[in-house]
Amino acid sequence: MKYITLFILITINISVFSQVFIIDKPMEKIVNGVLAIENVPDGNYLVKVVVGSKNEKGHTVIRGESRRLFFDPIITRKGRFKEVSFIINKRNTFISDSEHVRIKEREKNKLNWDNNLSLEFAGINPCVEKISVSPAENVTTIYLCGNSTVVDQDNEPWASWGQIITKFFDTNISFANYAESGESANTFIAAKRFKKILTVIKPGDYIFIEFGHNDQKQTGEGKGPYLHYYKSLAEMIIESRALGAIPVLLTPTQRRNFNKSGQIVNTHGEYPQAMKQLATDLNVPLIDLHEKTKILFEKMGVENSKNAFVHYPANSFPNQIKPLQDNTHFNPFGATQVAKCVINGIIEIDLPVKKFIHKCKTWSPYKPDEFKKFVWYNSPYFETEKPDGN
């Protein structure tokens, strides 16, 4: 993977965002550039981008906010242009004059939680001719609740399925990723992340809930898979349903933990089963991500599965003097494979939103993609610090 360090930040202030906003000045020389549109109200936005150049070939990757992927390389020939569209969700921490989401210190610089709508352009030769942004009020939003395996990871080489799944849906769907590293179901509620969702969710929207990695680390009175975990998940299900939303449970992703026979060993105890029991008790759709990622990693194998996680020798990235070895958190390849597991689950349990999937409908965890064929164009930021909850 090629690491590009050039970075351009373009900031435009919009005081009232009620009409279509258009940038029609060619931006042919953006290299890993970010367009930050200031003072944008919370909500979903339709973004149309004309990529290409009169003078050269283009190779443009489009991401938004905290590295949410919308388009892999769009290749344009010299003198040719192509218009692409996607839906992006923007939010900040505001709930009311007296309440805000209690974000962590490390989140304060995340693009997900500010007042800007940020668009990132990467690739070998990003060429952007025109951008238009307009409110999109009549799309279905899928809210993501979870931990570091779901969150939009800002920095290379970390990635999670919640920031990759965006590229697999058309403009009828928006993903609002409220997940954060280190969160469990009860701390997610305590930090008012769930309450923020309840202030904006509408009938017909979905709420995907994946917890377990950090919940299992809590000990003491009232803690356990059929106690605090079950209760917190049930609370989210009941309250979201009361507003006409559709909750979907996802069992936690497996860690890369093999036995001598090359089989994944469960490290989550009874937490996946407790979630399955809750799904039965409250008649909630469930995607068994625990089982799907078990199949996925076993099919990859003990050694090749390292390609899906943050395993890199020293000096793979600038100023990285020590090897990175993490068997919980994914790199972009692994996050892509897990996102496809989620899509496989959506189709398998026949969720209505499956009709808006426009890629990888036939993919299966029994047949992972080949790592050698995977290409990723890095964002400009990198960190060695592991996400919370490792």
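Here are legends for several close-up views of this predicted model.

Residue numbers start at 1 along each chain as its sequence is written. In this predicted model, local features need pLDDT of at least 70 and side-chain atom pairs count only at pLDDT 80 or more, while totals for chains, interfaces and linings use all residues, and side-chain values rest on heavy atoms, with hydrogens and water left out.

**View 1. Helix H3, with a bend at Lys-231.**
Helices (H or I, at least four residues) and strands (E, at least two) are DSSP runs, numbered from the N terminus. H3 covers residues 225–242, which makes 18 residues, and its first and last C-alphas sit 24 Å apart, close to the expected 26 Å. That expected span is 1.5 Å times one less than the number of residues. The bend at Lys-231 comes to about 25 degrees, taken as the angle between axes fitted to the seven residues ending there and the seven starting there. Among the buried residues of H3 are His-228, Tyr-229, Ser-232, Leu-233, Met-236, Ile-237 and Ser-240; buried means under 20% relative accessible area, exposed over 50%, and partly exposed in between (1.4 Å probe, protein chains only). An α-helix has 3.6 residues a turn, so residues three or four places apart point the same way. The cover over the buried residues of H3 includes helix H1 (185–190), helix H2 (193–200), strand S14 (206–209), strand S15 (246–250) and helix H4 (271–281); contact here is heavy atoms within 4.5 Å. Just past the helix, Gly-244 has a positive phi of about 85 degrees.

**View 2. The largest nonpolar core, seen around Val-342.**
A nonpolar core is a set of buried Ala, Val, Leu, Ile, Met, Phe, Trp, Tyr and Cys residues joined through side-chain atoms within 4.5 Å. This one holds 46 residues, and Trp-161, Phe-169, Phe-208, Val-342 and Ile-346 have the most contacts inside it. Strand S12 (140–145), strand S13 (173–177), S14, S15, helix H5 (289–300) and helix H6 (332–348) each put in at least two residues, with H6 giving the most, at 8. Leaving out neighbours within four places in sequence, Val-342 is in contact with Trp-161, Ile-165, Phe-208, Leu-250, Ile-287 and Leu-289. A second, separate core has 30 residues, including Trp-113, Ile-197, Ile-201 and Leu-233. In soluble globular proteins, nonpolar side chains tend to be buried together.

**View 3. Strand S13, buried on both sides.**
Ile-173, Phe-175 and Asn-177 point one way from S13, Ser-174 and Ala-176 point the other way, and all are buried. In a regular strand the side chains alternate between the two faces of the sheet. S12 and S13 run parallel and are joined by 5 bridges; strands pair if DSSP finds at least two bridges between them. In one of these, Leu-144 has Asn-177 of S13 as its bridge partner.

**View 4. Helix H5 and what packs over it.**
H5 has 12 residues and reaches 16 Å from first C-alpha to last, close to the 16 Å expected. Its buried residues include Leu-289, Ile-295, Leu-296, Phe-297 and Met-300, and also His-290 and Lys-292. Covering them are, among others, S15, H4, strand S16 (286–287), strand S17 (309–312), strand S18 (324–330) and H6. Gly-301 follows the helix, with a positive phi near 100 degrees.

**View 5. Three loops with backbone oddities.**
Most residues other than glycine have a negative phi, and most peptide bonds are trans. In the loop between S12 and S13 sits Pro-157, and the peptide bond leading to it from Glu-156 is cis, with omega near 0 degrees. Glu-65, in the loop between strand S5 (58–64) and strand S6 (68–76), has a positive phi near 50 degrees and is buried at 2% relative accessible area. Asn-315, in the loop between S17 and S18, also has a positive phi, about 70 degrees, but is exposed at 61%.

**View 6. Cysteines without a disulfide.**
The structure holds 0 disulfides, a disulfide being a pair of cysteine sulfur atoms within 2.5 Å. The closest cysteine sulfur to that of Cys-341 belongs to Cys-360, 9.8 Å away, so it is too far for a bond. Cys-341 is buried at 0% relative accessibility, and Cys-127 is buried with a relative accessible area of 0%.
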